[in-house]
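Biologist: Please take a close look at one part of this structure, namely the packing and the charged pairs around a single strand, and describe it in one connected account.

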Amino acid sequence: LVVFKTNSIYAIVGDDPDTWEVRLIDASVGCVAPASIVPAGGSLYWWGEQGPARWGGSGAPEWIGIPLITATLAPTVLSAVAADNLKISGAWDLVRQRVMWAVPEVSKTRNTLILPFNDLLQRFESDKWDPMDVASMAVVQDANGQPWVMLGGYSGQVFKWWNASNDGVPSGTASGTF
């Protein structure tokens, strides 16, 4: 069991209450957004004070945003306000092997950008996507058992990520109500 604090990470290991042991994983890396924690590809991903981080279950956690998307993580682009960080949401896109975080831009009260990290490539697929404001993210199986990332909008809408002509907007201009 991994226990995240704002500035540190612990693990509770053992087979039963008599053998449980609390171990410090890192005293300087923590999680600032509980909804950003995503288990994916054998690792844990989350949002910490310096942006996105990963821990593979041994050794020290690593910051994966620095140096890969340092310009996007700058306080002139993303909000550095602690209350805004609490809104960050994450999900694991199993089919495309990517972790996605919805994050707020500076001076925004909503998650306005998505940062996609490809677990296989160990690289960000983009420095930012801005398809819509994302209130929440979750993985839901469809009728065929296929897992899809679902995006919740701020007006109660739910969208299936990457399965419609209006998300990602491949070309042209989209208009109307979605």
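Modeller: The account below starts with the basis of the model, then follows the strand from its charged pairs to the core and the adjoining loops.

This is a predicted model, in which local features need pLDDT of at least 70 and side-chain atom pairs count only at pLDDT 80 or more, while totals for chains, interfaces and linings use all residues. Residues are numbered from 1 along each chain as its sequence is written, and side-chain values use heavy atoms, with hydrogens and water left out.

The strand in question is strand 9 (98-103); strands (E, at least two residues) and helices (H or I, at least four) are DSSP runs numbered from the N terminus. R98 lies in this strand and is buried, with a relative accessible area of 5%. Here buried means under 20% relative accessible area, exposed over 50%, and partly exposed in between, for a 1.4 Å probe and protein chains only.

The structure holds seven salt bridges, each defined as a side-chain nitrogen of Lys or Arg within 4 Å of a carboxyl oxygen of Asp or Glu. One of them joins D93 to R98, with 3.2 Å between the closest N and O atoms; D93, like R98, is buried. Another joins E125 to R98, where the closest N and O atoms are 2.8 Å apart. Because E125 sits in the loop between strand 11 and strand 12 while R98 is in strand 9, this pair ties together parts that are 27 residues apart in sequence. E125 counts as partly exposed, at 33% relative accessibility. A network of salt bridges links D93, R96, R98 and E125.

Strand 9 also contributes to the packing. The largest nonpolar core has 19 residues, of which Y45, W47, W101 and V103 touch the most other members. Strand 9 supplies at least two residues of this core, as do strand 4 (38-40), strand 5 (43-48) and strand 10 (113-118). Such a core is a set of buried Ala, Val, Leu, Ile, Met, Phe, Trp, Tyr and Cys residues joined through side-chain atoms within 4.5 Å. In soluble globular proteins, nonpolar side chains tend to be buried together. Beyond its neighbours within four places in sequence, V103 is in contact (heavy atoms within 4.5 Å) with W47, L78, I88, R110, N111, T112, L113 and L115.

Two of these partners lead further. W47 stands opposite P52 in strand 6. R110 is in the loop between strand 9 and strand 10 and forms a salt bridge with D133 (3.7 Å, N to O). D133 is in the loop between strand 11 and strand 12, so this pair ties together parts that are 23 residues apart in sequence. R110 is partly exposed, at 36% relative accessible area, and D133 is partly exposed at 28%.

The loop that carries R110 also holds S107. S107 has a positive phi, near 65°, although the residue is not glycine, and S107 is exposed, with a relative accessible area of 71%.

The loop that carries E125 and D133 also contains S126. S126 is buried at 17% relative accessible area, and a polar atom of its side chain lies 2.9 Å from the backbone oxygen of K128. Leaving out residues up to four places away in sequence, S126 touches I69 and P116.

Note on methods: Two strands pair if DSSP finds at least two bridges between them. A polar contact is a pair of N or O atoms within 3.5 Å; within protein, one must be able to donate a hydrogen and the other to accept it, and residues adjacent in sequence count only if both atoms are side-chain atoms.
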